[in-house]
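Student: I should like to learn how structural terms are justified. May we work through one example together?

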Amino acid sequence: MNQPIEIITSPTNALIKSLKSLERKKGRSESGLFLAEGARLVEQGLEQGWKAETLVIASTMAERPHLAALARRATAAGARVVQAPERLMSKITHKDNAQSVIASFQQAHRPLTALDAKSDGIWIALYEVRDPGNLGTILRTADCAGAQGVILLETCCDPYSFETVRASMGSIFDMPFANATFEQFNAWRQAGQMSLTAASVNGTVRHDAAPFGQRAVIIMGNEQAGLPDPIEAECDTLALIPMRGGADSLNLAQATAIMTYEAWRQRNFQ
Ligand code: SAM
């Protein structure tokens, strides 16, 4: 028999307050949790074995078969499942139109050494990416192009921010990523005998002529400052994506997509 679902109606309820706090970095760091919004995204997280702490379902939609099934699944996985009116769900996400489902998941922090440097394929390293939307879009692109993983170098934005999770469209749950200093990363990729190709506006080789090889890292620069000179000096190739017109560079996420798809094309999309 199905258990009746707990119903929350007060904005001062402790659970609502703690979920609201996950919108800020401080709340996420202290709790080790993050928010995912939308039935499909939440389903993806559960499917990939991420641990959901709480699932909140909009009261007016809780009877819908797919949401009832999601609630049962989350309960079986050990999550606390509650119903709340839409106005409370909007308070959690700080948006007017909240989705029908919001869940908090436990963050996972992989060390760089947990990423298998010995496997062939394409890796993406991001130097000090600061825009959460760019990071989410890049995780999604990396996932679509079958990249091995994403390495966040030095001080990057939080991959568990609401904006990054949303922009990743579920790839946050699929795409392995790890934080590292440039030194740690460079030692790791050298041990794995990976080539290092920078996408750079100082590039000397056209991006479609860059020799990525079987094990390749594409390194991308910060949105404002690009890559520091000492890092460019460590790269095997500096690749330039041709541009016309007045803009001095492409958007970081777009440039990452062009580079990644070129590296994948050179592997005949295998
Ligand atoms: N003013 C910055 C600079 O000097 O690099 C522009 C940074 S751009 C917005 C962010 C990153 O996207 C760059 O560091 C580079 O990795 C990549 N990028 C953008 N346009 C590129 C291009 N035409 N060719 C190669 N990489 C590019």
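Student: What makes Ala103 in β5 the bridge partner of a residue, and which residue is it?

Tutor: The residue is Leu55. This is a predicted model, in which local features need pLDDT of at least 70, side-chain atom pairs count only at pLDDT 80 or more, and totals for chains, interfaces and linings use all residues. Residues are numbered from 1 along each chain as its sequence is written, and side-chain values use heavy atoms, leaving out hydrogens and water.

Student: How do you know that β3 and β5 pair?

Tutor: Strands are DSSP runs of E with at least two residues, and two of them pair if DSSP finds at least two bridges between them. Strands β3 (residues 52–58) and β5 (residues 101–106) share 5 bridges, in the antiparallel sense; therefore they pair.

Student: Why are β1 and β2 called edge strands?

Tutor: The open sheet has the order β1-β4-β3-β5-β2, with mixed pairing. Strands β1 (6–7) and β2 (33–37) each pair on one side only.

Student: What makes the approach of Ser200 to the ligand a polar contact?

Tutor: A polar contact is a pair of N or O atoms within 3.5 Å; within protein, one must be able to donate a hydrogen and the other to accept it, and residues adjacent in sequence count only if both atoms are side-chain atoms. A backbone N or O atom of Ser200 lies 3.3 Å from a ligand nitrogen atom, so the pair qualifies.

Student: How far from a ligand nitrogen atom is the backbone N or O atom of Leu250?

Tutor: The distance is 2.9 Å, so this pair also meets the limit.

Notes. Helix = DSSP H or I, 4+ residues; strand = E, 2+ residues; numbered from the N terminus.
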